[in-house]
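Hello,

Here is the structure I promised to pass on to you. Please have it open while you read, as my notes on it follow underneath.

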Amino acid sequence: MKNPVWTSAIKTCADPQRARHFLDLLAATSAGTALQAASHEQARILAALFSGSQALSNLLVARPDWLSGLEPEVLKFPRRIQGLRSEVSRRLKPLLAAGDFGAALTRLREFKQREMLRIAGRDLARLAKLPEIIQEISDVADVCLDAVWQVCYRQLTGRHGQPWHQDAGGSWQPTAGCVLGMGKLGGQELNYSSDVDVIFAYSEEGSVFKEPPAKSKAPQPMLTNHQFFNRLAEAFIAEVSRMAPEGALYRIDLRLRPEGDAGPLSRSLAGYENYYAQWGQTWERMMLIKARGAAGDAALAAEFVELIQPFRYPRSINESVLSEVVVLKSRIENEVVKAGELERNVKLGRGGIREIEFMVQALQLLRAGRQPFLQGAQTLASLSKLVQYELLSADESSMLGEAYCFLRDVEHRLQMENNLQTHT
């Protein structure tokens, strides 16, 4: 394409040869006319995208109609989660009403791909800083996970009926369920190719009925609530991780649930309360620092967070907890990193992302029970709070914050290149 705007943009981008290659491919599509009329800023944004991500460049060439989502005015500001939810609701509502769940999930996957393309455009063109980027990626995940949860819930209740439980007065109440986000999902710090760490909860034990039960007489139950919410979790996991032509939504990691792979997929609030009170370990306290509602019933998620508050932020710490923190740190340091990667793995290597996260969470575990201001799931915000309580100096917090942003930025560039989960 002979155009001085594009000549200048390609000359000054990170990888001129690749940018020229993808520009020529995109110009041969229906986007060709729009590219001829591109402004200097739009050309700069697209050249940065072509240079920074082969996977996303191929996606744009395959979907040239998404070019409008990369206009400078569109990328200037982040999208808010309310707007994302409204768009998904509007797009999926008619399909769900018609019972076309397959088409609804296909449309959801396309929504996720288009939003990740938009966010990467903002990121690679340096139109937003790291905190804004990871918040947007996490908001997209929340919206997608909640939509899948609603679809799976509709399908399961259509087959088996609705879950119910009896309150203290003997009246039947609908039983709520939710997905709790942990790790980077819980901290709203996702990267471009994160696993999503989740656990599942429901409010009470009870039964599933085709018809609403009456106080005096309930119909024959179809399933127990435990069976229902385990099946719902299985359907949710299968759909979120399923590889479709539009790609999978997310890889799901379930290892943070009580008893790990040996434990049930879903538990009632009382089940979680009993487990953490009797068998909860130090690593679980630290893990739960990032717990928050990601999908399903928001009120139930808030109740779960309130329930675990004394466990994740204990007011007093005994010596056994201190020694367990030391053991956890040693285990992280000894975690298997491939030969030659100790200095190149930005997540697990020496001085990597996990070291910064661990330090913050360890200090929160030790102090945030007595100093609630220190409580919080986000690493960068917590680094600032630690200075105010003189647990870190201002210089230490600034150095760690800059290192965290740099390493996360490198991690993003590595992952968006070919849409792979890599940290090396």
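**Burial and overall build**

Of the 424 residues in the protein, 51% are buried. Please keep in mind that this is a predicted model. The secondary structure comes to 18 helices and 9 strands. With a radius of gyration of 24 Å, close to the 22 Å from the globule rule for 424 residues, the protein is as compact as a globular protein of that length. If you are setting up a box, the C-alpha trace spans about 80 × 60 × 40 Å along its principal axes.

How much of the contact list comes from residues 24 or more positions apart? Among contacts with a separation of 6 or more, such pairs account for 70%. The accessible surface is about 19700 Å², and carbon and sulfur atoms hold 52% of that area. As for charges, the protein has 50 positive and 49 negative ones, and the mean positions of the two sets are 3 Å apart.

**The open sheet**

Four strands make an open sheet, with antiparallel pairing and the order β2-β1-β5-β6. Its edges are β2 (172-174) and β6 (223-224), each of which pairs on one side only.

Strand β1 covers residues 162-166 and pairs with strand β5, residues 207-209, through 3 antiparallel bridges. Pro 163 has Val 208 of β5 as its bridge partner. The pairing of β1 with β2 is also antiparallel and has 3 bridges. There, His 165 stands opposite Gln 173 of β2. The hairpin of β1 and β2 has 5 residues between the strands, and Gly 170 takes a positive phi near 90° in it.

**Strand β4 and its partners**

Strand β4 may be a good place to look next. It spans residues 195-202. Since 7 of its 8 residues are buried, β4 is largely enclosed by the rest of the structure.

Which strands pair with β4, and in what sense?  Here are the pairings, one by one:

- β3 (residues 177-182) runs antiparallel to β4 and is joined to it by 6 bridges; Val 179 has Phe 200 as its bridge partner in β4.
- β7 (residues 251-253) pairs with β4 in the parallel sense over 3 bridges; the partner of Asp 195 in β7 is Arg 251.
- β8 (residues 266-268) runs parallel to β4, with 3 bridges between them; Ala 201 is matched with Arg 267 in β8.

**Ser 138 and the loop before β4**

Ser 138 sits in helix α9, residues 130-160. Is this serine buried or exposed? Ser 138 has a relative accessible area of 1%, under the 20% cut-off, so it counts as buried. Leaving aside residues up to four places away in sequence, Ser 138 touches Lys 184, Gln 188, Glu 189 and Leu 190. For a distance to check, the C-alpha atoms of Ser 138 and Ser 203 are 25 Å apart, with the two positions 65 residues apart in sequence numbering.

One of those contacts, Gln 188, deserves a look at its backbone. Gln 188 is in the loop between α10 (183-186) and β4. Although Gln 188 is not a glycine, its phi is positive, at about 55°.

**Glu 390 and Thr 282**

Another residue other than glycine with a positive phi is Glu 390, where the value is near 60°. Glu 390 lies in the loop that links α17 (379-388) and α18 (394-418). What is the relative accessible area of Glu 390? The value is 72%, over the 50% cut-off, so Glu 390 is exposed.

Thr 282 belongs to helix α13, residues 282-288. Its relative accessibility of 3% is under the 20% cut-off, so Thr 282 counts as buried. Beyond residues up to four places away in sequence, Thr 282 touches Val 321, Glu 324, Val 325, Leu 328 and Leu 365.

That is what I have for now. Happy to talk it through whenever suits you.

Best wishes

Conventions. Residues numbered from 1 in each chain as written. Predicted model: local features only at pLDDT ≥ 70, side-chain atom pairs only at ≥ 80, totals over all residues. Heavy atoms only, no water. Helix = DSSP H or I, 4+ residues; strand = E, 2+ residues; numbered from the N terminus. Rg over C-alpha atoms; globule rule 2.2 N^0.38 Å. Buried < 20%, exposed > 50% of the residue type's maximum accessible area, 1.4 Å probe, protein only. Contact = heavy atoms within 4.5 Å. Areas by Shrake-Rupley, 256 points an atom, 1.4 Å probe, with all protein chains shown as cover. Lys, Arg positive; Asp, Glu negative; His and termini not counted. Charge placed at Lys NZ, Arg CZ, Asp CG, Glu CD. Pairing = 2+ DSSP bridges.
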